[in-house]
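Trainee: I have a model to read and many terms to learn. Can we go through them one by one?
Mentor: Yes. Ask what each word rests on.

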Amino acid sequence: MQPNVKTFFDKETFTATHVVWDSESKHAAIIDSVKDYDPKSGRTSTASADEVIDFVRSEGLAVEWILETHVHADHLTAAPYLKEKLGGKTAIGDHVNVVQGVFKKVFNVEDEFAVDGRQFDHLFKDGEIFHIGGLEAKVIHTPGHTPACITYVVGSSAFVGDTLFMPDFGTARCDFPGGDARQLYKSIQKILSLPPETKLYMCHDYGPNGRDYSWVTTVADERAENIHVHEGVSEDDFTKMRSDRDAQLDMPVLILPSVQVNMRAGELPPPENNGGRYLKIPLDAL
Ligand SMILES: [Fe+2]
C-alpha cells in the first residue's frame with residue numbers, strides 16, 4: 001500500500017518535510033519539519049511550518065504523529081509549533097538519550113534537562129509497529145549518521161532521514177559525536193534489503209551538478225546507482241571513503257543552534273532571569 005505523500009522543500013536548509021496520509025481515514029504524519037532560523041539576526045519564524053499547516057487544513061487531515069528521523073544538525077524542528085496548531089504526538093527514536101547525553105555536556109545545559117527522551121511524546125524502538133490511520137508503519141533503527149537515526153517504513157514507502165541521499169549525492173556524513181561510518185553501512189544494507197520497488201524519501205537534497213531538487217527514489221535505483229554504496233561496494237571501502245570525505249567537511253552552518261533546540265524536541269532553551277531565551281556557542285568544542 002502506498003501512502004499519499006506531499007513534500008515541502010526548504011531551500012534555505014535543503015530539507016524535505018513530508019506529510020504522509022491515509023486517504024480513507026485522512027489521518028496524517030508530518031516527518032522532519034522546519035522552523036526557520038536566521039543565524040545572522042537570531043530570529044526564528046514559522047513561515048515554512050505555516051505552509052505545511054495550510055496544506056494539512058486544506059486537505060482536512062487529522063495529524064496523528066509529528067515525527068523526527070533524528071536530532072537534526074542543520075535545521076531547527078517546528079514540532080512543538082505544529083503540535084500546538086494541529087495536535088498529534090511528537091516522536092523520535094529511543095536512542096535519543098545517547099544524543100542528549102553527549103550534547104547536554106557540550107552545551108552545559110541546566111541540570112534539570114533530562115537525558116531520557118521525555119521531551120518527546122513517544123520514543124520508537126527498533127522494529128516497533130504503529131499506525132497512521134489505516135496505514136501500517138514500521139520503525140527500523142538505522143544508526144551511523146547519528147546514534148539515534150531511524151527510518152519509517154510506511155506501506156511500500158520508506159522515509160530514510162539522513163542515511164541515504166539521492167543516488168548522485170551518496171550518503172550522509174558520520175563525523176558528528178556518536179556517528180560511525182561502519183554502522184551507517186550496516187544501516188544502509190537494512191534499507192537496501194527492502195523490496196526493490198520500495199520508494200525512498202530523503203530528508204535532504206542538494207541538487208548536485210545543477211539538477212533540480214528531488215527527494216524520492218527507489219531501493220532498486222539506490223542499489224544500482226548510489227555513488228557511495230551501490231551494489232558491490234564493501235563495508236571497508238565505504239568506511240574509508242566516508243571517513244576521508246568527512247575529514248574535509250566544514251560543520252553545517254546551523255549545527256550549534258539546531259542541536260541544542262532539537263534535543264529538546266524543538267523547545268527553545270528556558271528563559272533566563274530577564275525573560276529572554278539564549279542559544280549557546282561552545283568554544284572549541286566541535
Ligand atoms: Fe542530519
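Trainee: Which residues are the protein donors of the iron ion?
Mentor: They are H70 (NE2), H145 (NE2) and D162 (OD), lying 2.0 to 2.4 Å from the iron ion. Donors are N, O and S atoms within 2.8 Å of the metal (3.2 Å for Na, K and Ca), and water is not among the atoms, so sites may look incomplete. This is a predicted model: local features need pLDDT of at least 70, side-chain atom pairs count only at pLDDT 80 or more, and totals for chains, interfaces and linings use all residues. Residues are numbered from 1 along each chain as its sequence is written, and side-chain values use heavy atoms, without hydrogens and water.

Trainee: What makes H145 and D162 a pair that ties parts together?
Mentor: H145 sits in the loop between strand 10 (135–141) and strand 11 (150–154), and D162 in the loop between strand 12 (157–159) and helix 4 (181–192), so the pair links parts 17 residues apart in sequence. Helices (H or I, at least four residues) and strands (E, at least two) are DSSP runs, numbered from the N terminus.

Trainee: Why is H72 called buried?
Mentor: Buried means under 20% relative accessible area, exposed over 50%, partly exposed in between (1.4 Å probe, protein chains only). H72 has 1%, so H72 is buried.

Trainee: What makes the link between the side chains of H72 and D32 a polar contact?
Mentor: The distance is 2.8 Å. A polar contact is a pair of N or O atoms within 3.5 Å; within protein, one must be able to donate a hydrogen and the other to accept it, and residues adjacent in sequence count only if both atoms are side-chain atoms. The side chains of H72 and E68 are also joined by a polar contact, of 3.2 Å.

Trainee: How do you know that the length of helix 1 agrees with what is expected?
Mentor: The expected span is 1.5 Å times one less than the number of residues. For the twelve residues of helix 1 (residues 47–58) that gives 16 Å; the end C-alpha atoms are 17 Å apart, so the values agree.

Trainee: Which residues of helix 1 are buried?
Mentor: S48, A49, V52, I53, F55 and V56. They fall within an arc of 160 degrees, so they line one face. The arc is that of the directions from the helix axis to the C-beta atoms.

Trainee: Why is C203 not bonded to C149?
Mentor: A disulfide is a pair of cysteine sulfur atoms within 2.5 Å. The sulfur of C203 is 9.3 Å from that of C149, so the gap is too far for a bond. The whole structure has zero disulfides.
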